[in-house]
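Trainee: Please take me through this structure one region at a time, with the reasoning behind each value.

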Amino acid sequence: MLWQDIPDLENIKRHLVQLHQQNQLPHAILFKGEQGNAVLPTVLGFMQYLYCDHPQNNYPCGLCKSCKQTKNLYYPEFKFILPHFSSAKNDQSEEADMFKTFYRLIFDNIFLSFDDVLKEVKGKNKQAFIFADDVHQMIESVSYSAVGNKYKIICIWTPEMMNTIAANKLLKTLEEPTPQTLFFLVTSKPDELLPTILSRVQQITIPNFSNQDIIDYLVAKYDVQPNRAQEIAQASNGNINKAIHILNYFDEYEELLNDFRELARLSIKYDYDGIDKWMSKYENAGREALKKFLEYTLNVFHYSLLKDYELEHLIKTIQIEREFISRVHPYVHQNNIPKLYEIFNDAYHHATRNANMRILLNNLFLRCNEVLKKKNNTQHV
Ligand SMILES: [Zn+2]
């Protein structure tokens with residue numbers, strides 16, 4: 001079930017149920033809220049509620065035939081649309097892969113973001129769209145009337161990724177509503193939608209969670225110690241998906257920080273034995289591990305820059321990182337961050353393009369040596 005799994009937000013759930021019970025559901029609703037928060041699960045949970053044969057206390061019962069179907073996010077009258085890579089009619093493999101990945105991930109984490117799906121699909125470096133064909137097929141599917149007294153529900157996730165033709169087709173459909181059909185648009189970027197589409201929908205904002213909601217969720221679902229849950233909640237800024245990501249990488253963060261600290265120390269001294277050992281570790285760990293390290297380091301640079309500009313309150317991170325950023329500060333500061341950013345970004349670029357790992361890492365150490373040895377004082381990292 002989804003609604004039961006979303007902490008709090010009782011007001012929103014009650015509001016939606018009341019609209020339905022009072023027969024006042026608008027034919028098109030734009031649900032807006034941060035990616036990775038409750039916006040998508042709220043919509044999918046509402047779909048389950050609307051199809052449930054015997055809803056109880058504003059919740060789907062979870063037991064009826066319809067609930068058994070919608071539990072798997074399937075229902076004959078329900079259509080879910082998400083962006084994919086290819087517009088070719090005969091090339092459905094990429095679309096299928098996007099759907100498969102989405103279904104595989106959402107059952108693990110109902111708060112997933114579209115980026116989470118993109119990271120896992122084949123061809124992830126391409127630009128994904130919702131194409132005119134997707135909207136066309138959807139229009140065809142709503143042209144038959146719904147069975148019994150239930151709605152047809154079309155849910156479009158990230159409608160801002162519709163191409164222009166698709167957006168205009170959708171607009172036309174919204175202008176001529178079909179009876180018993182509901183359109184749910186789920187977005188974190190309403191400003192990127194056509195104003196004419198915005199004028200055709202009722203907007204509902206799904207807020208972020210409180211720190212306490214996130215703490216309770218992490219403790220109950222992932223059995224996290226309360227003090228660790230509190231630290232993660234503070235770093236996640238009310239976004240539950242971000243909290244889950246931090247939790248998954250919590251132990252890893254410490255190791256990544258140590259690796260960066262070592263890299264900085266070895267680069268400055270240009271201690272080749274140490275460098276060789278460091279490089280061997282990542283050669284053995286593989287390309288994905290190196291990419292994660294580089295991505296992580298780019299984040300550290302970003303935080304260091306915030307510290308330089310005395311914007312530390314914007315650093316939403318865990319305690320060990322905050323301490324580390326303070327320690328690394330004599331070496332990583334506003335004068336060299338642009339250069340370091342460029343060096344690590346280049347390395348990341350080469351890592352994604354199958355460059356030879358040893359050449360790539362040698363180059364990284366050499367370039368870091370040039371930049372880092374020009375430190376402002378002699379403090380040790
Ligand atoms: Zn039910």
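Trainee: Which residues line the largest cavity?

Mentor: The model is predicted, so local features need pLDDT of at least 70 and side-chain atom pairs count only at pLDDT 80 or more, whereas totals for chains, interfaces and linings use all residues. A cavity is a set of points, on a 1 Å grid over the protein atoms alone, where a 1.4 Å probe fits but cannot get out, and its lining residues have an atom within 4 Å of a point. By that rule, the lining of the largest cavity consists of Gln35, Gly36, Asn37, Val39, Leu40, Leu112, Trp157, Thr158, Val186, Thr187 and Ser188.

Trainee: How much space lies in the largest cavity?

Mentor: Residues are numbered from 1 along each chain as its sequence is written, and side-chain values use heavy atoms, with hydrogens and water left out. The search covers the whole structure and finds 1 cavity of 30 Å³ or more. Grid points are joined across faces, edges and corners, and a volume is the space filled by probe spheres set on the points. For the largest cavity that space comes to about 60 Å³.

Trainee: How many residues of each class are in the lining of the largest cavity?

Mentor: Ala, Val, Leu, Ile, Met, Phe, Trp, Tyr, Cys and Pro count as nonpolar, Asp, Glu, Lys and Arg as charged, and the others, Gly among them, as polar. Sorted in this way, the lining has 5 nonpolar, 6 polar and no charged residues.

Trainee: Which two elements each supply at least two residues of the lining of the largest cavity?

Mentor: Elements are DSSP runs numbered from the N terminus, with helices (H or I) of at least four residues and strands (E) of at least two. On that basis, the elements that each supply at least two lining residues are α2 and β4 (181-187).

Trainee: Which residues are the protein donors of the zinc ion?

Mentor: Donors are N, O and S atoms within 2.8 Å of the metal (3.2 Å for Na, K and Ca), and sites may look incomplete because water is not among the atoms. Along the chain, the donors of the zinc ion follow the spacing C-x8-C-x2-C-x2-C. Each binds through SG, at 2.2 to 2.4 Å from the ion, and the residues are Cys52, Cys61, Cys64 and Cys67.

Trainee: What is the geometry of the site of the zinc ion?

Mentor: Four donors count as tetrahedral if all angles lie between 85 and 135 degrees. Ideal angles for four tetrahedral donors are 109.5 degrees. With angles of 104 to 118 degrees among its 4 donor atoms, the zinc site is tetrahedral.

Trainee: Is Cys64 buried or exposed?

Mentor: Buried means under 20% relative accessible area, exposed over 50%, and partly exposed in between, with a 1.4 Å probe and protein chains only. Because its relative accessible area is 8%, Cys64 falls in the class called buried.

Trainee: How many disulfides does the count come to?

Mentor: A disulfide is a pair of cysteine sulfur atoms within 2.5 Å. Applied here, this rule gives a count of 0.

Trainee: What sign does the phi of Asn58 have?

Mentor: Most residues other than glycine have a negative phi. Asn58 lies in the loop between α2 and α3, and its relative accessibility of 28% makes it partly exposed. Although Asn58 is not a glycine, its phi is about 65 degrees, and the sign is therefore positive.

Trainee: What is the phi of Asn237?

Mentor: Asn237 belongs to the loop between α10 (226-236) and α11 (240-269), and at 44% relative accessible area it is partly exposed. Asn237 is not a glycine, yet its phi is positive, at about 60 degrees.

Trainee: How far apart in space are Leu9 and Asn208, C-alpha to C-alpha?

Mentor: Leu9 sits in the segment before α1 (10-21) and is buried, with a relative accessible area of 8%. Leu9 and Asn208 are 199 residues apart in sequence, and their C-alpha separation in space is 9.3 Å.

Trainee: How far apart in space are Met138 and Leu170, C-alpha to C-alpha?

Mentor: Met138 is part of helix α6 (residues 132-142), where its relative accessible area of 0% makes it buried. Met138 and Leu170 are 32 residues apart in sequence, and C-alpha to C-alpha they are separated by 9.4 Å.

Key. Tetrahedral: all angles 85-135°; square planar, octahedral: opposite > 155°, others 65-115°. 1 Å grid on protein atoms, 1.4 Å probe; cavity = no way out; pocket = protein on both sides within 12 Å on 5 of 7 lines; lining within 4 Å.
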